[in-house]
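Here are a few exercises to work through with the model open beside you. Try each task before you read its solution.

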Amino acid sequence: MDGIRTEIKHWVELFFGVKVIAMNSHRLRGKARRMGPIMGQTMHYRRMIITLQPGYSIPPLRKKGT
């Protein structure tokens, strides 16, 4: 997991031009979904919480209402 974390940190700093000081993550389980008689499940995913140095910010990726 550490290799993935350092790579994500590198790409966030490179793409957004910010300085990352901490990264936390947790795994979210997929939800159960029914398609007719068959019970399925959505994909699991991992949520990353990235803390930036003071003075840095990332602008919103999409406008509200669209």
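**Exercise 1: two phenylalanines**

With 66% relative accessibility, F15 counts as exposed, where exposed means over 50% relative accessible area, buried under 20%, and partly exposed in between (1.4 Å probe, protein chains only). A word on the ground rules: this is a predicted model, in which local features need pLDDT of at least 70 and side-chain atom pairs count only at pLDDT 80 or more, while totals for chains, interfaces and linings use all residues. Residues are numbered from 1 along each chain as its sequence is written, and side-chain values use heavy atoms, with hydrogens and water left out.

Task: Find how the rings of F15 and F16 are arranged, stacked or edge-to-face.

Solution:
- Start with the rule: rings of Phe, Tyr and Trp (its six-membered ring) pair if their centres lie within 6.5 Å; planes under 30 degrees apart are stacked, over 60 edge-to-face, and the rest tilted.
- Next, count: the rule gives 1 aromatic pair.
- The ring centres of F15 and F16 are 4.9 Å apart and the planes stand at 90 degrees, so this pair is edge-to-face.
- Finally, look at cover: F16 has 31% relative accessibility and is therefore partly exposed.

**Exercise 2: the surroundings of I58**

Task: Work out which residues I58 is in contact with, leaving aside its neighbours within four places in sequence.

Solution:
- Locate I58 in the segment after strand 4 (45-52); strands (E, at least two residues) and helices (H or I, at least four) are DSSP runs, numbered from the N terminus.
- Apply the contact rule, heavy atoms within 4.5 Å.
- The partners are V12, F16, V18 and L52.
- I58 has 34% relative accessibility, so it counts as partly exposed.
- As a further check on distance, the C-alpha atoms of I58 and G3, 55 residues apart along the chain, are separated by 23 Å.

**Exercise 3: the hairpin**

Task: Describe in which sense strand 2 and strand 3 pair, and over how many bridges.

Solution:
- Set out the elements from the N terminus: α-β-β-β-β.
- Recall that two strands pair if DSSP finds at least two bridges between them.
- Strand 2 (residues 32-35) and strand 3 (residues 38-41) are antiparallel, with 4 bridges; R34 has M39 in strand 3 as its bridge partner.
- These strands form a hairpin with 2 residues between them, and G36 in the turn has a positive phi of about 70 degrees.
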